[in-house]
Amino acid sequence: MKLSQFHFDLKKEQIATELMPEVDGKIQWRDECKLMVLHKDNGEIEHRKFKDIIEYFGKGDRFVFNDTKVFPAKLFGKKEKTGADIMVFLLRELNREQRLWDVIVDPARKIRIGNKLYFGDDDSMVAEVIDNTTSRGRTLRFLYDGPYDEFKQALFALGQTPVPEWVKEVPTERDAEEFQTIFAKNEGAVSAPAAGLHFSRELLNRMILKDIEKTFITVHMGIGHFRTVDVEDLSKHRMDGERMIISEEAANEINSTKRSGHKICAVGVTVIRGLETYVTTDHEVKATDQWTNKFIFPPYDFAIPDAIVSNFHLPESTMLMSVAAFGGFEKVMKAYESALENGYKFGPYGDALLIV
């Protein structure tokens with residue numbers, strides 16, 4: 001497959017800027033967005049509401065969710081001496097005791113090893129650049145002498161919810177809640193697993209009433225999914241790594257469901273990636289706690305999920321490619337054409353696509 005095959009025209013107004021917008025004077029709840037249902041065998045398309053999703057599943061089927069938790073990863077500070085404005089995007093904690101973090105800085109050209117950066121109105125948080133790992137990436141050591149919990153609280157108090165700038169330039173207080181699934185538990189993501197955002201407590205309760213099972217795995221979503229693919233030949237693209245954790249209990253639940261002939265529904269691209277990274281020769285999931293840089297694009301033979309749900313993604317994005325690998329390139333691209341024609345919203349706050 002080629003990068004250009006995944007191009008389509010998307011207008012800015014077709015990207016959702018809120019998860020729960022106000023429609024006709026009423027707040028639209030998480031599970032009230034549009035849901036397109038694509039039947040991958042024959043290409044049939046249905047237009048539903050997201051809360052209708054459980055009508056396609058029954059007793060013994062299992063949804064697999066990503067319970068990662070987004071942290072306030074965007075910091076705005078100033079460089080020592082010059083006072084130049086600097087944006088620091090926290091990617092991951094490297095060393096708890098030494099307060100080391102892997103970060104992206106912008107503008108990168110102004111930052112050198114040994115530079116100090118100051119954050120907060122009173123410059124109360126100070127960091128020193130100790131390594132340049134890439135043209136944009138850096139390692140920062142935060143110079144904080146207090147207890148770790150106090151440091152973490154102070155750091156995150158300065159942070160901003162990392163909603164992508166192409167969704168909205170300045171996040172609001174609502175985004176702290178909306179850019180998070182209701183079952184978020186394990187902190188470590190810098191972007192929300194978007195498909196999971198649409199599940200409300202009421203919908204999860206309705207799943208219980210239908211005896212539809214739930215399993216949670218953890219994949220700490222990074223920004224690699226949003227990076228521009230700069231090669232035409234997709235086999236040459238390299239994905240950023242993400243930490244994934246599948247417990248023994250989760251693996252047993254998933255494998256038991258597969259053995260009994262019931263359906264596995266992967267909720268979001270991160271879950272698809274997690275389920276397909278380490279698969280046995282018997283097409284079963286292995287318990288694991290390690291990093292994955294797996295890149296799924298067509299053609300690809302899936303071992304675990306029988307259905308997937310995902311948001312509508314940007315042109316030429318790796319997330320679109322993964323969805324097309326599951327639903328079939330031509331069928332998924334036709335579904336995207338239908339979404340554009342029928343007013344579906346794109347992006348992490350947008351509408352959803354179920355492929356069964």
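## Helix, sheet, barrel and hollow spaces

Helix H3, which spans residues 201–209, has Leu203, Leu204 and Met207 as its buried residues. Looking down the axis of H3, these buried residues fall within an arc of 100 degrees, so they line one face of the helix. The face turned away from that buried side carries Arg201, Glu202 and Leu209, which are exposed. What do the buried residues of H3 pack against? Their partners are strand S5 (62–66) and strand S14 (213–219). Please keep in mind as you read on that this is a predicted model.

Just after H3 comes Asp211, with a positive phi of about 60 degrees, although Asp211 is not a glycine. Asp211 sits in the loop between H3 and S14. Asp211 counts as partly exposed because its relative accessibility is 38%, and the partly exposed class lies between the 20% and 50% limits.

### The open sheet

S5 and S14 both belong to an open sheet of nine strands, ordered S4-S3-S19-S18-S16-S5-S14-S15-S17, with mixed pairing. Strand S4 (45–49) and strand S17 (288–292) stand at the edges with a single partner strand each, so one side of each is left without a neighbour in the sheet. From one strand to the next, the twist averages 25 degrees.

At the S17 edge, strand S15 (residues 242–246) pairs with S17 in the antiparallel sense, over five bridges. Within this pair, Ile245 has Asp289 of S17 as its bridge partner. Helix H7 (residues 329–341) packs on the sheet and touches strand S3 (34–38), S4, strand S18 (307–311) and strand S19 (352–355). The direction of H7 makes about 150 degrees with that of S3.

Another helix to look at is H4 (residues 248–259), where Asn255 has its place. Is Asn255 buried or exposed? Asn255 is buried, because its relative accessible area is 4%, and the cut-off for buried is under 20%. Leaving aside residues up to four places away in sequence, Asn255 touches Glu284 and Val285.

### The barrel

Six strands close into a barrel in the order S7-S8-S9-S12-S11-S10, and here the pairing is antiparallel. The twist in the barrel averages 45 degrees from one strand to the next.

Strand S10 (residues 116–119) is a good place to look in detail. S10 pairs with strand S7 (residues 74–79) in the antiparallel sense over three bridges. Across this pairing, Lys79 stands opposite Leu117, and Lys78 stands opposite Tyr118. S10 also pairs with strand S11 (residues 125–132), again antiparallel, over four bridges; in S11, Val126 is the bridge partner of Tyr118. Which residues of S10 make up its covered face, and which the uncovered one? Leu117 and Phe119 form the covered face, while Lys116 and Tyr118 form the uncovered one.

The hairpin of S10 and S11 has five residues between the strands, and Gly120 in that hairpin takes a positive phi near 95 degrees. Lys81 lies in the loop between S7 and S8 and has a positive phi near 70 degrees, in a residue other than glycine. Lys81 is exposed because its relative accessible area is 84%, and exposed means over 50%.

### Cis peptide bonds

The table gives two cis peptide bonds and the loops that hold their second residues.

| Cis bond | Omega | Loop of the second residue |
|---|---|---|
| Asp106 to Pro107 | about 0 degrees | Pro107: between S9 and S10 |
| Pro298 to Pro299 | near -10 degrees | Pro299: between S17 and S18 |

### Cavities and a pocket

How many cavities of 30 Å³ or more are there? The count comes to two. The largest cavity holds about 160 Å³ of space. Its lining has 19 residues, with Ala192, Ala194, Met221, His313 and Met319 nearest the centre. Helix H5 (269–277) and S18 are the elements that give two or more residues to this lining.

The second largest pocket contains about 590 Å³ of space. It is lined by 25 residues, of which Pro164, Trp166, Ile223, Phe226 and Arg227 lie nearest its centre. Strands S8 (85–95) and S9 (100–106) each supply at least two residues of the lining of the second largest pocket, and both strands also take part in the barrel.

Conventions. Residues are numbered from 1 along each chain as its sequence is written. This is a predicted model: local features need pLDDT of at least 70, side-chain atom pairs count only at pLDDT 80 or more; totals for chains, interfaces and linings use all residues. Side-chain values use heavy atoms; hydrogens and water are left out. Buried means under 20% relative accessible area, exposed over 50%, partly exposed in between (1.4 Å probe, protein chains only). The arc is that of the directions from the helix axis to the C-beta atoms. Contact means heavy atoms within 4.5 Å. Two strands pair if DSSP finds at least two bridges between them. Axes are lines fitted to C-alpha atoms, for helices over the stretch in contact, and angles run from 0 to 180 degrees between N-to-C directions. On a 1 Å grid over the protein atoms alone, a cavity is a set of points where a 1.4 Å probe fits but cannot get out, and a pocket is an open set with protein on both sides within 12 Å along at least five of seven lines; lining residues have an atom within 4 Å of a point. Grid points are joined across faces, edges and corners, and a volume is the space filled by probe spheres set on the points.
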